[in-house]
Amino acid sequence: MAPAVRSGYSGGGSSPSSQKATAEEVADDEAMQAMADQLTSWDHNTRKFGLQALGLQGPAAEDHVPEIAKLLRDEEWEVRKAAAAALGKIGFKAAGEAAELGLALKDEDPSVRAEAAKALSLVGRVAALRQVERVAALAKEQEEDVAMAAVACLSSLGEATRLVAFLGSPRASVVRAALVEIGRCPEARGQHREQIAAALLHADAAVRLAACQASGELGADCSEEHLKRIAALQTSEKQVKVRRSAVQALGRAGEAGAAHLLVFLRDRDEEVRHFAADTLAACGGKTAAGKTAELLDDPDPGVRRAALMALGRMRENGRDEADAVATCLYDNDMGARLAAIQALSDLAAEDQASALGALCEDATKGVRQGAVGALAKLGCSGAEEALRFFDDTDPSVRQSAVKVFSPLHSKLPAEIARRHIKHVGRALLDEDWRVRLAAAVALGDLHASELCEQVAALSGDPDTQVRRSAVTALEKMGASAALAARFLGDGDAGVRQDAQKVFAALGGGKCADDDDGELSECD
């Protein structure tokens with residue numbers, strides 16, 4: 001029995017799709033050959049264009065690599081440059097011509113030398129490594145583009161340890177590029193620590209910045225002398241971004257760097273001082289905290305503020321210095337006073353609650369308000385002292401004091417706040433509507449059911465927001481529907497609407513409105 005013939009297959013002939021593919025391949029080969037034919041033209045522009053076209057084909061042009069490599073010796077520099085670029089684009093398939101590219105590193109034209117260095121980084125590490133000495137020799141190169149290409153080539157080949165010679169380049173951009181690559185390579189930065197430290201004194205700011213960054217990569221491997229040199233930038237360096245990078249480098253050195261970070265708390269730039277304070281808090285231990293506390297006596301208020309910020313953010317490590325921080329509550333600089341309040345808050349220094357509470361007598365509203373906010377984080381002692389601000393002459397301070405006892409507006413645990421609900425209840429009678437509102441909200445959030453009657457009495461409050469907050473609080477407090485009913489006849493539609501919802505939620509049934517908008521019956 002004869003075998004069946006598949007549909008679309010006609011004996012030994014080719015399918016239409018394979019015929020089309022073959023035609024396209026032939027066309028591609030012909031186009032490639034046409035490009036290659038241009039390489040032998042007497043016109044140098046034609047040869048250059050042919051090289052560029054072949055380069056765009058990438059590895060597909062591997063059959064023409066020998067022809068391309070020959071043009072590395074062309075009499076025209078533009079052609080030689082195009083030949084090097086084409087070999088680089090062909091990549092691994094051009095590895096056999098690495099030696100020719102190595103010779104091109106000594107070309108009389110700098111653009112050819114640069115292109116040859118770039119190409120060597122692309123033809124494969126194994127082949128290119130045989131030319132690495134020639135690439136490293138470009139450290140003496142006077143042309144910036146050539147030296148930069150050499151740095152990039154050595155780096156891509158994993159030979160960053162050879163970049164140390166480029167740190168002596170007369171071109172700052174080359175030195176910077178070499179430093180960056182050395183800093184990125186663990187082996188290279190380990191070998192060249194001394195050269196990295198020396199670069200911190202370079203005349204160019206970009207190089208000094210790169211040296212700081214490389215020092216940061218070294219981290220705890222920096223020597224004591226190296227760390228001192230970084231710290232010296234605080235006084236010698238004019239560029240803020242370099243000093244900031246120095247702070248970061250010291251921070252990455254850990255506790256060894258923390259001792260040197262202290263000088264940056266004296267920096268002339270506020271942003272650098274703040275960054276130093278944050279960095280010191282992250283890497284410094286109790287020893288650093290003690291040294292930082294010594295700066296609280298500095299005559300410069302900016303230094304005192306930075307030291308206070310650092311101590312506060314040290315949290316547990318800075319808590320032993322809370323007494324020293326508290327002495328700044330009466331500093332002659334307002335910024336330092338506020339920084340001291342914030343620091344005691346950040347330290348959660350409950351033993352300093354009485355010192356903060358004493359500020360209720362301070363003449364400055366901002367100080368009193370700041371003290372109230374800090375007391376909210378100081379547990380039982382803080383809650384007791386916050387009560388002293390309930391009688392403040394300023395309503396916004398009284399409001400802040402009441403909010404200390406509101407779980408949704410405070411760091412004070414609800415179980416501590418509930419111990420003081422009677423004091424919060426008295427605030428319902430305050431002359432200022434904002435204080436009454438804060439009290440109603442706090443009592444609702446605390447579910448203070450024993451004060452439902454006092455909150456319901458706010459149905460007669462002249463302020464709409466107070467009445468709305470009061471009726472909402474009654475629901476949270478689990479009050480009786482009868483107390484919520486006091487708000488059903490309110491003159492404000494928003495209060496009535498809230499009252500209807502609360503009344504129904506508390507088991508009072510639904511309420512219907514007449515056409516004129518007045519409440520007429522409750523089910």
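Reply: Two residues are in contact when heavy atoms of theirs come within 4.5 Å. Keep in mind that this is a predicted model.

Me: OK, let's use that cut-off right away. Which residues does H192 touch, not counting those up to four places away in sequence?

Reply: Skipping those sequence neighbours, H192 touches T161, V164 and I182. There's a polar contact too: the side chain of H192 reaches the backbone oxygen of T161 at 2.9 Å.

Me: And where is the place of H192?

Reply: H192 is in the loop between helix 11 (186–191) and helix 12.

Me: Is H192 buried or exposed?

Reply: The general idea is a cut-off: buried means under 20% relative accessible area. H192 has a relative accessible area of 7%, so it counts as buried.

Me: Let's move on to helix 12. How do I read Q195 there?

Reply: Start with its place: Q195 is in helix 12, which covers residues 193–199. Then its cover: partly exposed is the band between under 20% and over 50%, and Q195 falls in it because its relative accessibility is 32%. Leaving aside neighbours within four places in sequence, Q195 is in contact with V164 and L167. V164 also turned up among the residues that H192 touches.

Me: How far apart are Q195 and E159, in sequence and in space?

Reply: They're 36 residues apart in sequence and 17 Å apart in space, C-alpha to C-alpha. For another pair to read this way, take L120 and L87: 33 residues apart in sequence, and 8.7 Å C-alpha to C-alpha.

Me: What surrounds L120, not counting residues up to four places away in sequence?

Reply: L120 touches A98, L101, G102, L105, A128, Q131, V135, C153 and L157. The place of L120 is in helix 6 (residues 110–120). Its relative accessible area is 0%, so L120 is buried.

Me: Now a charged residue. Why does R243 count as buried?

Reply: R243 has 1% relative accessibility, so it counts as buried. R243 lies in helix 16, residues 240–252. A polar atom of the R243 side chain lies 3.0 Å from the backbone oxygen of E237. The wider contact list for R243, leaving aside neighbours within four places, is L233, Q234, E237, K238, F264, D267, R268 and D269.

Me: Next, backbone angles. What sign does phi have in most residues other than glycine?

Reply: Most residues other than glycine have a negative phi. Against that background, look at R315: phi is near 55°, a positive value. R315 sits in the loop between helix 20 (301–313) and helix 21 (322–326), and R315 counts as partly exposed because its relative accessibility is 42%.

Me: What is phi of H447 near?

Reply: Phi of H447 is near 55°, again positive in a residue other than glycine. H447 lies in the loop between helix 29 (433–445) and helix 30 (452–456). With a relative accessible area of 47%, H447 is partly exposed.

Me: One more residue. Where is the place of Q465, and what is it in contact with beyond four places in sequence?

Reply: Q465 is in helix 31, residues 464–477, and Q465 is in contact with W433 and L437. Q465 and G494 are 29 residues apart in sequence, with 9.4 Å between their C-alpha atoms. At 46% relative accessibility, Q465 counts as partly exposed.

Me: Zooming out, how many helices and strands are in the protein?

Reply: The protein has 33 helices and 2 strands. Its radius of gyration is 39 Å, well over the 24 Å that the globule rule gives for 523 residues, so the protein is more spread out than a compact globule. The C-alpha trace spans about 105 × 85 × 45 Å along its principal axes.

Me: What share of the residues is buried?

Reply: Buried residues make up 51% of the 523. The accessible surface comes to about 25000 Å², and 49% of that belongs to carbon and sulfur atoms.

Me: And how do contacts split by sequence separation?

Reply: Take contacts with a separation of 6 or more: 61% of them are between residues 24 or more positions apart.

Me: Last one: how far apart are the mean positions of the positive and negative charges?

Reply: They're 4 Å apart, with 62 positive and 81 negative charges in the protein.

Note on methods:
Residues are numbered from 1 along each chain as its sequence is written. This is a predicted model: local features need pLDDT of at least 70, side-chain atom pairs count only at pLDDT 80 or more; totals for chains, interfaces and linings use all residues. Side-chain values use heavy atoms; hydrogens and water are left out. The radius of gyration is taken over C-alpha atoms; the globule rule is 2.2 Å times the number of residues to the power 0.38. Buried means under 20% relative accessible area, exposed over 50%, partly exposed in between (1.4 Å probe, protein chains only). Accessible areas come from the Shrake-Rupley method with a 1.4 Å probe; for residues, only the protein chains shown count as cover. Lys and Arg count as positive and Asp and Glu as negative; His and the chain ends are not counted. The place of a charge is taken as NZ of Lys, CZ of Arg, CG of Asp or CD of Glu. A polar contact is a pair of N or O atoms within 3.5 Å; within protein, one must be able to donate a hydrogen and the other to accept it, and residues adjacent in sequence count only if both atoms are side-chain atoms.
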